[in-house]
Amino acid sequence: MSRQVLQEGCLLKRGKVNKQWKERHFVVDNKWAHYFQGGKGSPQGSISIETISQIGQIGDVEPGAFTVEIPGRQYVLKGTTDTETKLWRASFVLACKEHNEDIS
């Protein structure tokens with residue numbers, strides 16, 4: 001299957017070491033979630049969709065945020081509004097369905 005962009009735009013990511021929220025430009029497709037510090041260019045980081053083991057419910061770890069878990073790392077993410085957060089979470093779930101039908 002070829003790559004298909006499911007969602008692109010601003011998403012807030014809580015830092016792994018520095019727990020502050022940082023705005024990142026995310027591009028989520030059916031293979032990868034890439035994030036950029038200031039728009040396009042080289043990604044600051046990437047998440048292989050097939051390595052995602054769990055997508056947490058909104059509010060489980062942080063109010064208004066959801067988690068994306070891969071081996072050895074948990075990403076805490078949220079949109080700038082509740083609606084955007086729901087749309088971003090749904091995009092991650094949709095991307096994962098090809099690789100792991102148990103994710104919801």
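Colleague: Happy to look at this with you! In which sense do β5 and β6 pair, and over how many bridges?

Modeller: Welcome! In this predicted model, β5 and β6 are antiparallel partners, joined over two bridges. One residue pair to look at is I55 with V68 of β6, which are bridge partners.

Colleague: And how many bridges join β6 to β7?

Modeller: Five bridges link those two strands, and they run antiparallel. Look for I70, which stands opposite R73 in β7. The hairpin of β6 and β7 has two residues between the strands, and G72 takes a positive phi near 80° there.

Colleague: How many of the residues of β6 are buried?

Modeller: Four of its five residues are buried, so the strand is mostly covered.

Colleague: Now the helix. What should the span of α1 be, at 1.5 Å a residue?

Modeller: Helix α1 covers residues 82-97, and its 16 residues should span 22 Å. The C-alpha atoms at its ends lie 23 Å apart, which agrees.

Colleague: Which strands do the buried residues of α1 pack against?

Modeller: They pack against β1, β2, β3, β5, β6 and β7. The buried residues of α1 include W88, F92 and V93.

Colleague: Let's try a charged residue. Where is R24, and is its side chain buried or exposed?

Modeller: R24 is in strand β2, and R24 is buried yet without a salt bridge. A salt bridge would need a distance within 4 Å, whereas E23, the nearest side chain of opposite charge, is 8.0 Å away.

Colleague: Which side chain makes a polar contact with the side chain of R24?

Modeller: That is Q44, at 2.8 Å. R24 also touches Y35 and F36, among others.

Note on methods:
Residues are numbered from 1 along each chain as its sequence is written. This is a predicted model: local features need pLDDT of at least 70, side-chain atom pairs count only at pLDDT 80 or more; totals for chains, interfaces and linings use all residues. Side-chain values use heavy atoms; hydrogens and water are left out. The expected span of a helix is 1.5 Å times one less than its number of residues. Buried means under 20% relative accessible area, exposed over 50%, partly exposed in between (1.4 Å probe, protein chains only). Contact means heavy atoms within 4.5 Å. Lys and Arg count as positive and Asp and Glu as negative; His and the chain ends are not counted. A polar contact is a pair of N or O atoms within 3.5 Å; within protein, one must be able to donate a hydrogen and the other to accept it, and residues adjacent in sequence count only if both atoms are side-chain atoms. Two strands pair if DSSP finds at least two bridges between them. Lists of a residue's contacts leave out its neighbours within four places in sequence.
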